[in-house]
Amino acid sequence: MDALEKKLKENVYPGRGIILGRSEDGKQAIAVYFIMGRSENSRNRIFIEENGGIRTQAFDPSKLKDPSLIIYSPVRELKEAGKVTTIVTNGDQTDTIYEGLRNGTSFSRSLESRTFEPDAPNYTPRISGIQKFKGGTYSYSLSILKSDRASADGQAGKQPATLRYTFDYASPVAGTGRYIHTYMGDGNPLPSFEGEPELVSLKGDLDSLAASVWESLNEENKISLYVRFTDIESGKVTAKVINKNK
């Protein structure tokens, strides 16, 4: 198991990342989401807290070009009788999952209507996670929808098939988390994430973890960070937003 800071520093461009896990004392469920960007359009963003979650917003509206893949609600909360679900994603599939769960559809089934992002040649993966709270219990799941590039090799104009993976963590261990991100590093095209979500150690309280993650992300490419602690027993949420654009 690697320290989270080491993982973040190793990759100059992980793109967008989700980390779900449990605090060292076992009492808090942790969710982390960050965004990075290389283009002016991607870098022109901030996180805004809204309705128990966050949404992205253009920092300078006059410079916003194409909002389709950069303006969305990364974090939403669904409250139902006796249970609460926190949804964290890197795109507008947050809403797809929210509506699916609200209508009794599972996390993975809700995503069957979605694919990777239509940004050829990168075909950016859609990464998603949910944290489930019920009666003092906590579990989480992560998903990635990514392109099967081999299915389109040598066939001009053909879109790749979608590879779908879901990972369930029924008994999160204190002080550990799982980290999934869109890219393995910089490149052209950008190489999609590979393998299962990475096991990392999680240390510190809300402020110290947020500071550690932010300082470990590449200075040139990082844009915004959201860190959320949820008390597993009481459901009380504390959160922190850090935006490069101020």
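**Is asparagine 51 buried or exposed?** Asparagine 51 is exposed, at a relative accessible area of 74% (exposed is over 50%, buried under 20% and partly exposed in between, with a 1.4 Å probe and protein chains only). This residue belongs to the loop that joins β4 (45-50) to β5 (53-58) (strands are DSSP runs of E with at least two residues, helices runs of H or I with at least four, both numbered from the N terminus). Although asparagine 51 is not a glycine, its phi is positive, at about 50 degrees. Most residues other than glycine have a negative phi. The model is predicted, so local features are reported only at pLDDT of at least 70 and side-chain atom pairs only at pLDDT 80 or more, while totals for chains, interfaces and linings use all residues. Residues are numbered from 1 along each chain as its sequence is written, and side-chain values use heavy atoms, without hydrogens or water.

**Close-up of the loop between α4 (107-110) and β8 (126-134).** Two residues of this loop are shown: proline 121 and tyrosine 123. Proline 121 follows alanine 120 through a cis peptide bond, whose omega is near 5 degrees. Tyrosine 123 has a positive phi, near 45 degrees, in a residue other than glycine. The relative accessibility of tyrosine 123 is 15%, so this residue counts as buried.

**Close-up of proline 189 in the loop between β11 (176-181) and β12 (198-201).** The bond shown runs from asparagine 188 to proline 189 and is cis. Its omega is near 0 degrees. Most peptide bonds are trans.

**Strand β3 (residues 28-36) and its burial.** Of the 9 residues of β3, 9 are buried, so the strand is largely enclosed by the rest of the structure. In a regular strand the side chains alternate between the two faces of the sheet. In β3 both faces are covered. One side carries Gln28, Ile30, Val32, Phe34 and Met36. The other side carries Ala29, Ala31, Tyr33 and Ile35, and the residues on both sides are all buried.

**The hairpin formed by β2 and β3.** Strand β2 (residues 17-22) and β3 pair in the antiparallel sense, with 6 bridges (a pair of strands needs at least two DSSP bridges). Arginine 22 has alanine 29 of β3 as its bridge partner. There are 5 residues between the two strands. In the turn, glycine 26 has a positive phi of about 80 degrees.

**Strand β13 (residues 222-231) alongside β3.** These two strands pair in the antiparallel sense over 9 bridges. Aspartate 231 in β13 is the bridge partner of glutamine 28. Lysine 222 also lies in β13 and, at 5% relative accessibility, counts as buried. Between lysine 222 and alanine 31 there are 18 Å in space, C-alpha to C-alpha, and the two are 191 residues apart in sequence.

**The hairpin formed by β13 and β14.** Strand β14 (residues 237-243) pairs with β13 in the antiparallel sense over 7 bridges. Threonine 230 stands opposite valine 237 of β14. The strands have 5 residues between them, and glycine 235 in the turn has a positive phi of about 85 degrees.

**Aromatic side chains and a charge over a ring.** The whole structure holds 7 aromatic pairs (ring centres of Phe, Tyr or the six-membered ring of Trp within 6.5 Å). Phe133, Tyr138, Tyr140 and Tyr169 make up one aromatic cluster. The charged end of arginine 76 sits over the ring of tyrosine 98, at 3.7 Å from the ring centre (NZ of Lys or CZ of Arg within 6 Å of the centre and within 35 degrees of the ring normal).

**The largest pocket, with a volume of about 440 Å³.** Among the 23 residues that line the largest pocket, Arg16, Ser42, Ile70, Asp119 and Tyr183 are the closest to its centre. The lining of the largest pocket comprises 8 nonpolar, 9 polar and 6 charged residues (nonpolar: Ala, Val, Leu, Ile, Met, Phe, Trp, Tyr, Cys and Pro; charged: Asp, Glu, Lys and Arg; polar: the others, Gly among them). On a 1 Å grid over the protein atoms alone, a pocket is an open set of points with protein on both sides within 12 Å along at least five of seven lines, a cavity is a set where a 1.4 Å probe fits but cannot get out, and lining residues have an atom within 4 Å of a point. Points are joined across faces, edges and corners, and the volume is the space filled by probe spheres set on them.

**The largest cavity, with a volume of about 40 Å³.** The count is 1 cavity of 30 Å³ or more. Ser68, Leu69, Ile71, Tyr72, Gly91, Asp92, Glu117 and Arg126 line the largest cavity. By class, this lining has 3 nonpolar, 2 polar and 3 charged residues.

Conventions: Phe/Tyr/Trp six-rings, centres within 6.5 Å; stacked < 30°, edge-to-face > 60°.
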